[in-house]
Amino acid sequence: MANSTSKRSMSGGRIAIWSLFAVAMIVAPLIFRSSLALTILSQIGYLIIICLSYNMIFGQGGMLSFGHAVYTGMGAFISIHAMNLAAEGSFKVPLVLIPLVGGIGGMFFAILFGFVTTKKAGTTFAMITLGIGELVASMSLMFPGFFGGEGGVTSNRTYGTFMGANFGPQIQVYYLIAVYCFICTALMFAFTGTPLGRILNAVRDNPERVEFIGYNTQRVRYFAFIIAGFFAGIGGGLAAINFEIVNASDSLSGVRSGGYLLFTFLGGATFFFGPIIGAVLLVLASVLLSELTKAWLLYLGLVFLLMVMFAPGGVASLIMMNLRVVKFGRFKPFLPLYAGLIVTGALLVVGAAALVEMVYHIQLNAALGPQVHFAGLTLDTSSMGSWLGAAAVALVGLGLMEIVRRKFARAWGAAQEYIEAEIKRMEAA
Amino acid sequence: MLKLNDIHAYYGKSHVLHGVSFEVGKGEIVALLGRNGSGRSTTAKAIMGLVHAEGQLEWKGQDILRKKAYEIAHLGIGYVPENRDIFPKLTVSQNLLLGQKGAGKGSRWTFKDMYEMFPRLKEREHTEAGVLSGGEQQMLTLCRTLMGDPDLIIIDEPTEGLAPKIVELVGQYLQTLKSRGISVLLIEQKLTIAMHISDRALVMGHGSIVFDGTPDGLRADATTRKEWLEV
Amino acid sequence: MTYALELKDLRKSFGKTDIIRGVNLAVNAGERIAVIGPNGAGKSTLFNLISGRLQPSSGEVLLNGQRIDGKTPFEINRLGLSRSFQITNIFPKLSVFENLRCGLLWHTGARYSFLRFLKNLDEANARTEELVRQIGLERKRDVQAVNLTYAEQRALEIGVTIAGGANVILLDEPTAGMSKTETSHFIALIKHVTTGKTLLTVEHDMGVVFGLADKIAVVVYGEVIAFDTPAAVRANAKVQEAYLGSSVADAQGAGH
Amino acid sequence: MEFFVISLLNGLSYGLLLFMLSSGLTLIFSMMGVLNFAHTSFYMLGAYFAYTISGVVGFWPALVIAPLVVFALGAAFERYCLRRVHKFGHVPELLVTFGLSYLILEVVQLIWGRSVVPYGLPSQLEGPLFTIFGTQFPKSKSFIMLVAVLMLVSVWLLLTRTRIGLVIQAALKHPEMVEALGHNVPRVFMLVFGGGAALAGLAGVIGGNTYVTEPAMAGAVGSIVFVVVVVGGMGSLAGAFLASLLIGVLQTFAVAMDQSIGGAFQSLGMAVTDKTFGYELLQLKISQIAPILPYLFLVLILIFRPKGLLGTRED
Amino acid sequence: QKGETVKIAMIEGLSGPFANVGQNQLKSWQFLAENLTAAENPAGVKFEIVGMDSKSSPQEALNLLKAASDQGFRYITQGNGSNVAVPLSDAVGKANERNPGKEIIYMNYAAVDPILTNEKCNYWHFRLDGDTSMKMEALTSFMKDQPNIKKVYLLNQNYSHGQQVSKYFKEGLARKRPDTQIVGDDLHPLGQVKDFAPYVAKIKQSGADTIVTGNWGQDMTLLIKALNDAGLKVPVYAYYAGVSGTPTALASGGDLEVYQIAYNHSNYTGRMNSVMVDFQKKFGDDLYTFSIYNGLVALSNAMAKAKSTDPVKVAAALEGLKFNGFNGESEIRKTDHQMQQGMWISKWQKVDAKNKYNVEKTGYTFAPVKYLEPFVASTPTSCQMKRPSAG
Ligand SMILES: Nc1ncnc2c1ncn2[C@@H]1O[C@H](COP(=O)(O)OP(=O)(O)OP(=O)(O)O)[C@@H](O)[C@H]1O
Ligand SMILES: Nc1ncnc2c1ncn2[C@@H]1O[C@H](COP(=O)(O)OP(=O)(O)OP(=O)(O)O)[C@@H](O)[C@H]1O
Ligand SMILES: CC(C)C[C@H](N)C(=O)O
Ligand SMILES: [Mg+2]
Ligand SMILES: [Mg+2]
């Protein structure tokens, strides 16, 4: 909500942050060079757009949608068809503009479906989106002509060149995505500072009153929904370029929509940059976590449960809370406490994870022998020692962590008290 | 009956009550006066166990400081909050039904009594409470608490938003309560009525009691009135 | 001549219950009217009918001579009528400043725009700053509305109501829950911000009523039983009986 | 005629199955406002518990014990997780149940494996109850119908004969006030959530052996139960019941209908070939979309009657 | 190349709804790789199979392809779901074109969409299973000789696989048995049917004497349950009756006549029997994806022929390769990389003296009914294979 009225142009801090964002996107592929890392980065890029577009309606507009994948997916399908037409030469659109075609596609469906969904709010809205999502997902499988059946629609992105790039190599695609990501993020941020963006917040907080200050709430929701649909479609279009295939089972499924919701929330829906974190986590969780461990779904479920219970504002709110402490110059004493939390937490996690891994091993791979390789150790599911050892590590970790946590909670409380008092004092002054 | 000794109360980290002490006797109407924000509502919440409080809090000789709100209610304290807190989607009679504890047998009060007291409620019996007029909601909250058959009733600004005539009426009913042996802790803004019907007046300022005496005593004490009540 | 606001035989019933039973009222531009009456008489309902929150069962509402019954709240608001609520109704998560600015965005022509920045809307921003000052919340300018005290929230409620620059303002119990001193400050504020506008306000505090109103409308049981100057109303026996309660007759019985 | 009677019977039995699956959700959703995404996970747990327990003590005791175990789990979840997030609002509540559904699925797979378990019908429920026009009607399905009706009656009694419903609805708005009136609100919440979970568990005990007990069973019915509850109208048990039957019958008869839009055009004399624009859509037969009709129904109902069939509130 | 280790990345859904199948097949790959005899492994290489979890998502699979390539895998395999196979094949083709020197071979052991060896055929993709057209060809050839089949009801999932089953079956039947009637051709949404009773009522009304279905998973088991419940004793010709879990569900259903059309059955003798028995002993699970065996044997043969494990050479050697598979002489057709092999019709029945293999410990088994030679099942292809220009 940082909005100043004075006509100051961007403040120094803000310029710094945006530059940092740009620089990070430029250098990331120079640091992470493997082809997997590059696809991961590419996916993060367009998922940032998608999660931000989702948060436009969810965090800023209070509309809980279970069907956002409809708009990203349709955007992707339209993009891939456009690519194929372009390759044939019947619809001359350069690849760099394909995401815009996707955006228009997403927007078209947002105009179509949004017309009915945004008439309602709250649970009713949520349930209509759930219904539409299920319908679109099921129907898409029935129409192989447009959706390409099970295999989906494939394409080849190298049908033209742009400034010497033919977009065959992943790195070129990455930079295309990065450029779009930066522009879209900037545009969506700009949106939060426009009249419609602000009224959207008002509609979220108190739709009834909005009607009495001259605004049609349905219209406000509808317009926001359409704009979000546009950005979602851009994200879909970039996904189509990235994979060169669009597939109903991936692009339109309810699981996808659920993923956008979950990770946007996990990143932090109350802050503009929260969904960016969410997008990063989404990719890491789905690509890397499952590589690391078979128990990834269990961990994911646990992390969700714990995050929602203990940090309902998402990662972004944790960051902001700490920044507040930093701002008031009270952060120093927390450094050792955080270190303590991390160390003891790591103990707990290692111990508990060792147990989980052994259980999974028994379940899935027992026939391959009792050895489990975990975190550089070799555990033996048939030996009591491994079990007891892991349990002991977990318990010790838990105990120590509790001690540190109590200390932390006390210090945190004191710091917050100080800050509150300080704010009051400043207000009074 | 009710005895507060050095009660401190907190909202999160902010310290609101700084050592409140007073007593309410059986069948007594005690007015708790004070400016906005002086902590009167907080005192009521502290008694009901709705805010974190420290100190000594006794009811009929029993320590109730750490008890849960519903336990305190079962011990016979009724509470009418200042913001009414009616249940908007329930009908008037359902709201009253929720006021009853257990089956509502042996209560001094019945639905009939309530409807006689405020015939307007009888008319709106099956209406959703949320659409009642502001004043009707106020009546409903009072009745709802009475249905629980309390021995002490804490009323936070009951006359807010009531037409002048109804304000008089409420005053009379409070005296009826007293005549049935019920104690009343009346938190009020409108001095006239409070001074008129109460046996004792307390004045609160900055989270502690700054005056404890009779209404007449308060009338005489111009400095207290000036400083703490801005009459 | 056209009235700023005119009600013609306005009626409203919920199910079988008639709540507003043929109200006729004509208010001249620039007049300050207090609407009083027993609890449940239908004052808030009347406001709801005028502002479009409820649709009348029959009858007409005219704003500056134009029919507005049947229109939605936002259409009516755009025509220059604004209201406040008996129970505070603001945007809790937005700051004071943002609340007020939202109140006037439509009327400064920003509408649904997403191609302009708020911070570049000079006129809107200047007017908002002015409003912040008018309602005396300069010090709380950037505080979230939830964190305001009750009285401050009430002030903000009025601020949001008048922000759009409507000519006809309806205030529902604006001073409820305030202490005496606050109330008198507040009345001064209301007077100040509504100068030159048509004002209707519901009040139970007779001090306020007599201090503020040019004319008083007494609503009892869904009917206007008196509409006159304060002095005349105070003297009116029917009003005494039904509302002011010099004697302790059963107010609820009135109208049976 | 014959086909009509059998289809009607099938429709009713499918409708009652839907009601059995969703009655617990209705209870929780209508009273607590929680969109419990883990509802069908409790259904699955009921089936697996019953499978294990019936292996030890037989099916009939398991019919009682398994729901009780699920009740305990549901109540514990409310007590230690849901209650914490209640104050943050509906979306976190929903997400916490989301997380739970992941956990339950994984734990079930850890304990019982990733494949189907051989959870069979007890001998008393095997075979047909009666035969009509040469088609058998199985005992197991009849039992489901019976249980669904019992669920309806007992939940209805709970809602109308006790104040629990009122207490919860009131507590959603002003929990402190309800406590101040002398009601132990946290306990009521816990019991209601546990009760809803137990209903799901009971459904699992019977659904598990009538149909298939496998890890996918929760996901398979995951969204249809919401359709039932929402179409019926939030807060309305009778609505959910009506919606279940309606959807059951509607869908069953839709399966029999081989008409398509294209076919209708053709009978009007228009030429519809695979060159016609939108041919894929035009040639789609009603029977082909029968199983997803409920979603269409949901969308239409919410557009034209957002309160649902018998609902009283909009959200 | 003797003694070399060939690493194969198995990109498959190892968690999520199809985890049980994927996990079983991962074990099958690993088990068979470890237990190849010298005759089966003429190249004498050591195959090492690493599972990578795609969660059955095409996009995840593509990510894993990159990961596998990063980690130096030159062979990948996948099978469950043409929705993954098509993108994967496409991506392998593109990657090989864009990264010469890092070619990857894709062994498809179960994805049966004919498109993979027709319109979208790809030089680096080899299919070990028989595609839908082949199976339907075989099935209709079998039915040709069953005079009591008169009225057939088709019930399939409404997506490309189900639509193809319906299409190829109707084509084949019209050619071979024009006298039979298709009395019903129903498609239902994938995975959305909770109770098949209405379909059963419809089938009964149609008077069908045979049901043909490509359904799998819940859509298969629930269909069989509903048929049993209603007591409608119409033989079912199924595609996927033997997949993990389905037999258990079938066994608790009743004694319906179920036939399976597949490249195998469960009562082989000799080598395949011992493999199955050993596998069941070790994992307590059935080995039913025989194409994996063919895949390993074919690879090893090709490596021996190419005298190298370099995918470029091996791919060339695989083209047109003839080798001894579990059904005897088998060939990877050069034109489209579709393995040409015989097909079995087997019947779901109680184990007996002749058919002893106990499927999923249910007491039931798939007993062979008829073997159809490779040439019978063979279907033409429209593939125009683009081979990388030499050099
Ligand atoms: N929920 C809360 N969180 C934090 N502070 C609070 C809360 N409620 C009240 N306060 C603060 O506690 C102090 C005492 O408030 P209280 O409501 O008890 O006053 P009161 O005397 O009843 O005034 P009023 O006339 O406004 O009802 C005030 O400064 C108020 O700002
Ligand atoms: N939607 C509704 N459905 C049924 N009855 C209603 C509805 N809205 C208002 N009423 C009834 O109409 C009557 C008038 O209510 P209204 O709120 O207008 O009174 P009021 O004059 O503002 O009273 P107060 O001074 O107490 O606020 C009340 O009896 C109320 O119960
Ligand atoms: C998502 C929801 C359950 C929202 C609900 N209608 C509410 O705001 O109360
Ligand atoms: Mg107070
Ligand atoms: Mg009112």
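The shell around ligand 2 is made up, by class, of 11 polar, 5 nonpolar and 5 charged residues, and in this predicted model the ligand itself lies between chains B and C. Ligand 1 has a shell of 7 polar, 4 charged and 2 nonpolar residues, and the residues that come nearest to it include B:Arg40, B:Ser41 and B:Thr42. The side chain of B:Ser41 also supplies a donor atom, OG, to the magnesium ion (ligand 4).

**Ligand 2, between chains B and C**

- Of the 21 residues that surround ligand 2, the closest are B:Arg124 and B:Gly135 from chain B, together with C:Lys43, C:Ser44 and C:Thr45 from chain C.
- Two helices, H6 (134–146) of chain B and H1 (43–51) of chain C, each contribute at least two residues to the shell around ligand 2.
- On the chain B side, a polar side-chain atom of B:Arg124 is found 2.6 Å from a nitrogen atom of ligand 2, while a polar side-chain atom of B:Glu136 is placed 2.7 Å from an oxygen atom of the ligand.
- On the chain C side, a polar backbone atom of C:Gly42 lies 2.9 Å from an oxygen atom of ligand 2.
- Ligand 2 has 630 Å² of accessible area on its own, and the protein covers 90% of that area.

**Ligand 1 and chain B**

- The shell around ligand 1 numbers 13 residues, and B:Asn36 and B:Gly37 are also among those that come nearest.
- Helix H1 of chain B gives the largest share of this shell, namely 3 residues.
- An N or O atom in the side chain of B:Thr42 lies 2.3 Å from an oxygen atom of ligand 1, and a polar backbone atom of B:Gly39 lies 2.9 Å from an oxygen atom of the ligand.
- A nitrogen atom of ligand 1 is 3.4 Å from an N or O atom in the side chain of B:Tyr11.
- Taken alone, ligand 1 exposes 630 Å², of which the protein buries 63%.

**The magnesium ion (ligand 4)**

- The protein donors of the magnesium ion are the OG atom of B:Ser41 and an OE atom of B:Glu82, at 1.8 to 2.5 Å from the ion.
- These two donors link distant parts of the chain, since B:Ser41 sits in helix H1 (residues 40–47) of chain B and B:Glu82 in the loop between strand E6 (77–80) and helix H3 (92–99), 41 residues apart.
- B:Ser41 counts as buried because its relative accessible area is 12%, under the 20% cut-off, whereas B:Glu82, at 35% relative accessibility, counts as partly exposed.

**Chain D: annotated spans and a contact with chain E**

- An unreviewed UniProt entry lists several stretches of chain D under "transmembrane region", among them residues 12–35 and 188–211.
- In the model, residues 12–35 of chain D are 88% helix and 0% strand, with their end C-alpha atoms 26 Å apart.
- Residues 188–211 of chain D are 96% helix and 0% strand, and the end C-alpha atoms of this span are 33 Å apart.
- D:Lys141 belongs to helix H5 (residues 139–161) of chain D, and D:Lys141 counts as buried because its relative accessibility is 5%.
- The side chain of D:Lys141 is joined to that of E:Asp195 by a polar contact of 3.3 Å.

Terms used: Residues numbered from 1 in each chain as written. Chains lettered and ligands numbered in written order. Predicted model: local features only at pLDDT ≥ 70, side-chain atom pairs only at ≥ 80, totals over all residues. Heavy atoms only, no water. Donors = N, O, S within 2.8 Å, 3.2 Å for Na, K, Ca; no water. Helix = DSSP H or I, 4+ residues; strand = E, 2+ residues; numbered from the N terminus. Buried < 20%, exposed > 50% of the residue type's maximum accessible area, 1.4 Å probe, protein only. Near = heavy atom within 4 Å. Polar contact = N/O pair within 3.5 Å; in protein donor to acceptor, adjacent residues only side chain to side chain. Areas by Shrake-Rupley, 256 points an atom, 1.4 Å probe, with all protein chains shown as cover. Nonpolar A, V, L, I, M, F, W, Y, C, P; charged D, E, K, R; others polar. UniProt positions renumbered as here; feature names shortened; annotations may be inferred.
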